[in-house]
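Trainee: I am new to this structure, and I would like to go through it slowly, one question at a time.
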Amino acid sequence: METAFRLAVAAVLLGAALAKIRARREFVRGLEAYGVPGRARPALWALVVTVEGTLGALLAIGAFTRTAASGAIALGLIFVVALARARLSGARRLPCGCFGDSRERSTWFLLARAGLFTALAAVAAAAQDGRIPTPSAETAVLASLALVALAVVGLGVLVLALYRQVGVLSARLAPQSALELAEEGPEIGRPAPELDDLSRTGSAIVAFFSPTCPLCRDLAPAVGALRRDGIQVRVVDEAADQEAFERWNVPGSPFAVHVLDGAVMAKGLVNTLEQLDGLVSLGYARGRAAA
């Protein structure tokens with residue numbers, strides 16, 4: 001049993017390290033969502049790969065197993081703390097390149113996965129000291145029932161989460177794209193005009209709303225969904241900042257601009273979450289082409 005737990009943790013660590021090596025660019029890019037500064041991301045990638053690979057190799061060959069298992073626990077706790085911090089800051093979906101997958105996933109899912117790995121590492125560490133007795137039949141049955149109960153609770157939470165996302169999902173169904181005209185809004189590829197609290201690094205959506213605009217009220221939940229997904233969002237109200245509308249040459253509302261590292265990459269009149277997503281995707285595509 002001791003060997004099985006040790007090798008299981010080793011397999012997870014080695015698999016994660018190899019995946020990060022294959023998908024280095026995606027993992028480094030995904031660190032932006034966790035607030036890691038740009039220059040520190042490659043160094044953090046190298047550190048994580050080194051730690052995971054070293055701990056995994058030690059556990060695989062059975063050398064310094066207690067120390068390696070303790071290191072795996074510490075690594076899992078670091079992941080849990082980082083994800084919990086991001087969730088508390090409002091991020092509902094985050095990219096995760098742990099196993100070569102750069103797609104965004106639910107923060108709760110990532111937290112659960114990191115927690116399970118930490119628990120597995122803790123069991124492996126306990127097994128090294130012989131503190132795990134062979135379970136009786138009654139204990140095995142109770143453990144199975146507990147797992148079933150946890151699965152039922154987890155499914156219930158997922159159903160509630162899906163129910164709360166119905167409004168956001170319906171906003172994605174519209175097929176139209178954002179209306180981008182050269183003479184409206186700031187010039188594509190040029191530095192974004194001045195705006196308070198707008199970061200000049202990373203990706204941001206600037207949404208121009210008016211208090212008398214019904215479409216703006218309908219779009220507000222979609223903008224909130226982008227913010228909860230970890231995208232920086234700056235909302236400009238026409239009644240409170242008419243000068244910003246003039247500086248940005250905004251023809252009307254709702255109008256959105258995708259700013260990437262301080263430069264305008266996409267813009268247009270929008271009325272659905274799909275159109276906002278399209279602005280983000282278009283801005284990233286133009287940014288990669290310019291690089």
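Trainee: Leaving aside its neighbours within four places in sequence, which residues is Val-270 in contact with?
Mentor: Please keep in mind that this is a predicted model. With the neighbours within four places in sequence set aside, the contacts of Val-270 are Ala-178, Leu-219, Pro-254, Ala-256, Gln-275, Leu-276 and Leu-279.

Trainee: Which members of the largest nonpolar core touch the most other members?
Mentor: In general, nonpolar side chains in soluble globular proteins tend to be buried together. The largest nonpolar core here has 17 residues, and those that touch the most other members are Phe-209, Leu-219, Val-223, Val-270, Leu-276 and Leu-279.

Trainee: Which element supplies the largest share of this core?
Mentor: At least two residues of this core come from each of strand 3 (203–209), helix 8 (214–228) and helix 10 (273–290). The largest share is five residues, and the element that supplies them is helix 8.

Trainee: How many residues are in the second, separate core?
Mentor: Among the members of this second core are Leu-198, Ala-244, Phe-245 and Val-250. The core is separate from the other one, and its number of residues is 15.

Trainee: Is strand 3 largely enclosed or largely open?
Mentor: From strand 3, Ser-203, Ile-205, Ala-207 and Phe-209 point one way, while Ala-204, Val-206 and Phe-208 point the other way, and all are buried. Because seven of its seven residues are buried, strand 3 is, with respect to the rest of the structure, largely enclosed.

Trainee: Is the crossover from strand 3 to strand 4 right-handed or left-handed?
Mentor: Strand 3 runs antiparallel to strand 5 (residues 255–260), to which six bridges join it, and Phe-208 stands opposite Phe-255 there. With strand 4 (residues 232–237), strand 3 pairs in the parallel sense, again over six bridges, and Val-233 is the bridge partner of Ile-205. The chain passes from strand 3 through helix 8 to strand 4, and this β-α-β crossover is right-handed.

Trainee: Within what arc do the buried residues of helix 3 fall?
Mentor: Helix 3 (residues 41–61) has 21 residues and spans 30 Å from its first C-alpha to its last, close to the 30 Å expected at 1.5 Å a residue. Its buried residues are Arg-41, Trp-45, Val-48, Val-49, Glu-52, Leu-55, Gly-56 and Leu-59. Seen down the helix axis, the buried residues of helix 3 line one face, because they fall within an arc of 145°.

Trainee: Which residues are exposed on the other side of helix 3?
Mentor: Helix 3 is followed by Gly-62, whose phi is positive, near 80°. On the side of helix 3 away from the buried face, the exposed residues are Leu-47 and Ile-61.

Key
Residues numbered from 1 in each chain as written. Predicted model: local features only at pLDDT ≥ 70, side-chain atom pairs only at ≥ 80, totals over all residues. Heavy atoms only, no water. Core = buried A, V, L, I, M, F, W, Y, C linked by side-chain atoms within 4.5 Å. Buried < 20%, exposed > 50% of the residue type's maximum accessible area, 1.4 Å probe, protein only. Helix = DSSP H or I, 4+ residues; strand = E, 2+ residues; numbered from the N terminus. Contact = heavy atoms within 4.5 Å. Expected span 1.5 Å × (residues − 1). Arc of directions from axis to C-beta. Pairing = 2+ DSSP bridges. Right-handed = clockwise from strand over helix to strand, strands pointing away.
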